[in-house]
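Student: I'm new to this structure. Could you pick a single part of it, take me through that part up close, and then show me how it fits with the rest?

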Amino acid sequence: MNTTSLRRAGPAWIAILLLAGCGGVGGSPSPATSGSAVTPGAGAVRVVTTTTVFADIVKAVGGSRVNATSIIPPGVGPEDYEPKPDDAKSLADAQLIVQNGVGLDDFLDRLLSSGSGGKTPRLVLGEGIPPIVVDGEDNPHFWLDPTLVKTAYLPKIVTALSAIAPADAATFQANAVAYGTQLDALDAELKAKIDTIPAASRKLVTFHDAFPYFARHFGFELVGVVVANVGQEPTAADLAALVQKVKAAGVKAVFSEAQFNPKLAQTLADEAGIKQVVTTLYNDALGPAPADSYPGMMRWNVDKIVEALR
């Protein structure tokens, strides 16, 4: 999604899902999980993130020395979210606020301008990462490339947590190294799965523009998106143009995220004669198990994409 999308978006199709436990990282994380199930210890650093994805990554670095919670609940993306009164209290109680920036979570600026948490240290994960520009705007979905999580997000999280709890700096660094190793293994696993898709079939049509970093890293062609601005349906002319583009490219499947109404994705598929429609991907938010951790979410998405395109 771009900044225009966020400005125009309103609440729609919110499906709040229960967050299941995801395994631990306090020393060496398992390949399928991250730090979500680690119980915060006494005096743990209180971190508030904008999304469940970032909360999970912060927990992987912080282990039991961090208590990280997300403003946006599981299964809900920033484009769906309307801040609530309790969010201001959460921000006011935080020792660190973590957001992505680059237009993804601009609602945080409105919350902070109200006076809650305005003086709390803030970490902007996407700051300084060279962006992919989509329709003239910087795309914020860096985390769908796991190498950017390892090389850009993790060092920033270690630095920010260490500034607040310097006595735990070595623990944060060790956890980040272990998690980075886990991400390397995950990346290799996902690439091996994607390699089973014929090169000519590695084409994506998605609901909104969340996948440019994913596509660049894993070797997909992005053919088009169903909606240019989340919350604003395409015109009949826009849809007709996309149908022709999809037909010409020989696209085999249409993909959408679970929090969005599947109607538009299905309409596009019907008009283009596409039989495969996947409406259960996650990117801006974690979902139910097994997509309830960052590694689990990435594995879930790739499995669904491979199944549809192979």
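Tutor: Let's get the labels straight before we zoom in: helices (H or I, at least four residues) and strands (E, at least two) are DSSP runs, numbered from the N terminus. Ala 92, for instance, sits in helix 3, which covers residues 85–93. Residue numbers start from 1 along each chain as its sequence is written, and side-chain values use heavy atoms, with hydrogens and water left out. This is a predicted model, so local features need pLDDT of at least 70 and side-chain atom pairs count only at pLDDT 80 or more, while totals for chains, interfaces and linings use all residues.

In total, the protein has 10 helices and 10 strands. The part I'd pick is helix 6, which spans 169–194. How do helix 5 and helix 6 lie against each other? Their axes come within 10 Å and cross at roughly 170°. Here an axis is a line fitted to C-alpha atoms (for helices, over the stretch in contact), and the angle between N-to-C directions can run from 0 to 180 degrees. Helix 5 and helix 6 are therefore roughly antiparallel; that label goes to angles over 145 degrees, with under 35 being roughly parallel, 65 to 115 roughly perpendicular and the rest oblique.

Now look at who meets whom, taking contact as heavy atoms within 4.5 Å. Helix 5 brings residues including Pro 146, Val 149, Leu 154, Val 158 and Leu 161. On the helix 6 side you'll find, among others, Ala 169, Phe 172, Ala 176, Tyr 179, Leu 183 and Asp 187.

Keep your eye on Asp 187, as it leads us to the charged residues. A salt bridge (a side-chain nitrogen of Lys or Arg within 4 Å of a carboxyl oxygen of Asp or Glu) joins Asp 187 to Lys 191, with 3.7 Å between the closest N and O atoms. Both residues are in helix 6, four residues apart, which is about one turn of the helix. Are they buried or exposed? Buried means under 20% relative accessible area, exposed means over 50%, and partly exposed is in between (1.4 Å probe, protein chains only). Asp 187 is buried at 9%, while Lys 191, at 35%, is partly exposed.

Another pair reaches out of the helix: Glu 189 forms a salt bridge with Arg 299, and their closest N and O atoms are 2.7 Å apart. Glu 189 belongs to helix 6 and Arg 299 to helix 10 (residues 294–309), so this pair ties together parts that are 110 residues apart in sequence. Glu 189 is partly exposed at 27%, whereas Arg 299 is buried at 16%. There's a bigger arrangement here too: Glu 189, Lys 193, Arg 299 and Asp 303 are linked in a network of salt bridges.

Just before helix 6 there's one more pair. Asp 168 and Arg 65 form a salt bridge whose closest N and O atoms are 2.9 Å apart. Asp 168 is in the loop between helix 5 and helix 6, and Arg 65 is in the loop between helix 2 (52–62) and strand 2 (66–70), so here the parts tied together are 103 residues apart in sequence. Asp 168 counts as buried at 14%; Arg 65, at 22%, is partly exposed. The whole structure holds eight salt bridges.

How does this fit with the inside of the protein? Of its 310 residues, 56% count as buried. A nonpolar core is a set of buried Ala, Val, Leu, Ile, Met, Phe, Trp, Tyr and Cys residues joined through side-chain atoms within 4.5 Å. The largest one has 62 residues, and Trp 143, Tyr 153, Phe 214, Phe 220 and Tyr 294 touch the most other members. Helix 5, the partner we met above, gives the most to this core, with nine residues. A second, separate core of 20 residues includes Val 246, Val 251, Phe 260 and Leu 264.

Lastly, links across the sequence go beyond the salt bridges: of the contacts with a separation of 6 or more, 69% come from residues 24 or more positions apart.
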